[in-house]
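Biologist: I am new to this structure. Please take me through one part of it closely, and then show me what else is worth a look.

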Amino acid sequence: MKNLDTSKIKNIVITGHSGCGKTALAEALLYRAGVLDRMGKAVDGNTVCDFDPEEIKRKYSINLALASFEYGDFKINLLDGPGLIDFAAATNEGLFAGDTAIICVSAKSGVHVGTVKAFQAAKKLGKHILFVVTKIDDPNQDFYAVLNSLKEHFGAAVCPVIVPEIANDQFKSLVHLGRMKSYTYDKKGFSVSADAQGIVLNDKEGVTADSLMNGLSEAVAETSDELMEKFFEGVPFTQEEISHGIHEAMRTGRAMPVFTVSCTNPAGCDLLLEFLKYMPAPSAAGPLKATGKDGTETKITVDASAPTSAFVFRTVADPFVGKMSFIKVITGTLTPDKDLVNAASGASERVGKLYTMLGKKQTEVSSAVAGDIVIATKISANTGDTLCDPARVLSYEQVKYPNPTYRMAVKASKQGDEAKISGGLQRLLEEDKALSFGLDTTTKEQILAGLGDQHLDVVKAKMKSKFGVDIVLEEPKIAYRETIRKKTDKVQGRHKKQSGGHGQFGDVWIEFEPTDSESLVFEEKIFGGSVPKNFFPAIEKGLQDSVKKGVLAGCPVVGIKATLLDGSYHPVDSSEMAFKIAASLAFKEGMKQADPIMLEPIGSLSVTIPDDKTGDIMGDLNKRRGRVLGMEPVGDGMTVIQAEAPIREMQDFTMYLRQVAKGMGEFTFEFLRYEPLPSNLLDEVIASVKNDDEEE
């Protein structure tokens with residue numbers, strides 16, 4: 001690719017609900033731009049952007065793909081993101097790197113939660129928004145119902161530009177309202193144009209091109225006083241005024257154009273490509289928040305003349321190529337073998353060869369100017385790191401990632417693979433920032449957390465294909481505890497054994513009582529030297545070992561105080577080991593007398609949901625033995641519910657919330673404290689804990 005300046009670069013991220021045709025749109029645009037000789041299909045596993053083996057197998061996108069190509073004098077970086085909620089991390093990375101967001105909407109199924117979430121995310125990041133309605137040639141399409149739905153959801157700024165002519169429920173042609181021309185397409189996406197004045201766009205509802213043109217003209221008029229005056233005077237706009245006005249209205253957020261394409265037959269993709277050339281350049285995007293070396297906050301605009309700075313927005317762990325870092329250049333020019341500073345670590349970083357990507361195909365480039373997106377291999381920087389000129393060290397604000405809430409325990413399917421699991425998952429953690437992995441110190445299990453069952457299923461598959469290790473995912477164990485509820489009289493623990501030579505003798509009297517301390521509290525109130533002081537540490541050690549396993553289910557014991565009151569010893573047969581055993585015997589007997597109970601962990605829950613779903617969530621929390629503490633509206637039709645709930649009841653809450661809130665809910669859930677387990681669950685819990693111990 002030839003070197004281009006920033007004004008000739010267009011970074012376009014394609015997003016939207018799952019199944020709305022995002023990857024198909026990318027494929028159609030590449031084909032119509034002359035990059036591809038033929039169009040692939042996701043169902044056939046031969047598209048440019050869905051090249052990962054898991055994507056081919058599953059027939060949906062799971063990664064963010066980059067497809068860069070030249071179109072005329074411009075370079076277009078297409079970023080195709082997944083639509084499934086489980087892979088939202090990749091979508092967020094694409095929205096960071098893109099400057100214009102194409103939000104795909106199916107003409108068949110219309111606006112869904114993925115459409116709304118994509119719009120909200122793009123709006124929050126200040127991206128320019130363009131709606132593209134796909135699948136217009138589907139027999140069950142209803143474009144004009146979808147258009148009305150877009151206006152209902154996203155307001156009057158929704159502005160149709162390319163609309164279909166529908167006759168007898170069949171797609172006939174596309175009409176460019178700005179030009180007032182209709183385009184009839186052949187199977188290869190080439191068109192014949194005709195005048196569209198007076199054309200009926202929807203024969204059932206009588207929608208005409210002239211009626212829709214009024215809305216477009218109003219959006220154009222709002223871009224300047226001169227055009228507004230002309231609009232009120234009833235003077236038609238010229239094609240140049242309309243074209244300039246649409247782009248200006250989009251740049252300022254006054255209009256969100258709506259285009260229509262087919263994708264299976266790339267009808268409309270030629271018009272969309274022409275429009276993309278006039279999308280705002282990276283330098284027209286809003287400034288990025290950054291923190292200087294001294295901690296001061298500043299805002300940086302895309303500027304090729306400033307000292308070099310670049311942001312690593314995505315990492316791919318490739319077992320053959322090595323680590324691939326997707327980089328957006330923010331300022332200056334990035335060149336191979338340039339010495340930069342990693343602002344996160346302070347270490348020097350020399351970037352080797354740079355590449356641009358067309359799906360999985362790499363093409364080496366000599367440089368990348370501000371605003372461009374390139375790939376570097378085998379650098380030490382991680383996702384979220386800023387590489388910058390030593391003359392100006394700064395860190396850009398991080399990409400926001402969803403909170404991983406779906407937890408599963410990870411085990412090797414065969415012995416000896418534990419090291420492989422840790423190494424492989426660490427590589428995948430570099431790639432996917434919506435994953436977390438670590439040791440649960442209470443249950444000693446390795447816990448993998450993600451965004452849902454499909455997310456973790458893909459991780460499992462990647463561990464097999466990339467790192468050659470089979471993992472098993474199981475529900476995590478619950479870290480139950482045991483404690484006592486009443487104080488005992490002094491309890492004797494006596495160990496006496498004679499087996500030739502020196503025997504073993506230890507004798508203690510210990511009082512047990514509840515306490516607020518998590519760990520064992522040990523005291524001694526011995527009078528008269530009935531037990532020598534040198535045996536006290538052994539007695540305490542025996543008790544410390546004993547509290548690791550209670551008498552009910554073998555769970556750790558908390559909230560217990562042991563006071564050594566009396567005992568006896570033998571001048572020859574007594575030993576530290578004998579007193580350790582005596583203390584453990586006293587503990588077992590004391591626990592039985594002290595009314596032992598099971599404790600279960602309780603978590604603090606904060607769940608954000610649509611207002612109309614609060615009743616469903618509160619009802620579900622009641623079934624889960626939860627306690628709702630309060631609710632608070634937070635705007636935009638959302639409410640936050642604060643609650644407490646037992647951890648054992650919340651394993652599937654991620655999937656339940658997604659089902660009920662249709663993907664619009666989110667939550668955090670953290671350990672809070674322990675509470676007594678209800679007696680009706682005691683037998684079930686004891687049986688499950690003992691069963692887990694036997695399996696180990």
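Modeller: Start with helices α6 and α8, in what is a predicted model. Helix α6 covers residues 209-221, and helix α8 covers residues 239-251. They pack at an angle of about 65 degrees. Angles of 65 to 115 degrees count as roughly perpendicular, and α6 and α8 are therefore roughly perpendicular to each other. Their axes lie 8 Å apart. The crossing of α6 and α8 is left-handed.

Now look at the residues that meet. From α6 come M213, L216, A219 and V220. From α8 come E241, I242, G245, I246 and A249. The residues of this contact divide into 7 nonpolar, 1 polar and 1 charged.

Next, the strands. Strands of a sheet pair through backbone hydrogen bonds, either parallel or antiparallel. One open sheet here has 3 strands, in the order β15-β14-β26, with antiparallel pairing. Its edge strands are β15 (297-300) and β26 (394-396), and each pairs on one side only. Neighbouring strands of this sheet are turned by 40 degrees against each other on average, direction ignored. Strand β14 spans residues 288-292, and 4 bridges join β14 to β15. Within that pair, L288 stands opposite I300 in β15.

Move on to strand β19, residues 338-342. It runs antiparallel to strand β20, residues 348-351, and 4 bridges join the two. D339 stands opposite R350 in β20. β19 and β20 form a hairpin, with 5 residues between them. In the turn, G346 has a positive phi of about 80 degrees. β19 also has strand β25 (residues 386-388) as a partner, again antiparallel, through 2 bridges. There, N342 stands opposite L387 in β25.

Stay with β19 for one more residue. D337 lies in the loop between β18 (333-334) and β19. D337 is not a glycine, yet its phi is positive, about 65 degrees. At 49% relative accessibility, D337 counts as partly exposed; the exposed class begins over 50%.

Another aspartate belongs in this tour. D169 sits in the loop between β7 (162-167) and β8 (170-176). Its phi is near 65 degrees, a positive value in a residue other than glycine. D169 is partly exposed, with a relative accessible area of 36%.

How values were computed. Residues are numbered from 1 along each chain as its sequence is written. This is a predicted model: local features need pLDDT of at least 70, side-chain atom pairs count only at pLDDT 80 or more; totals for chains, interfaces and linings use all residues. Side-chain values use heavy atoms; hydrogens and water are left out. Two strands pair if DSSP finds at least two bridges between them. Helices (H or I, at least four residues) and strands (E, at least two) are DSSP runs, numbered from the N terminus. Axes are lines fitted to C-alpha atoms, for helices over the stretch in contact, and angles run from 0 to 180 degrees between N-to-C directions. Angles under 35 degrees count as roughly parallel, over 145 as roughly antiparallel, 65 to 115 as roughly perpendicular and the rest as oblique. A crossing is left-handed if the near helix is turned anticlockwise from the far one by less than a right angle, and right-handed if clockwise. Contact means heavy atoms within 4.5 Å. Ala, Val, Leu, Ile, Met, Phe, Trp, Tyr, Cys and Pro count as nonpolar, Asp, Glu, Lys and Arg as charged, and the others, Gly among them, as polar. Buried means under 20% relative accessible area, exposed over 50%, partly exposed in between (1.4 Å probe, protein chains only).
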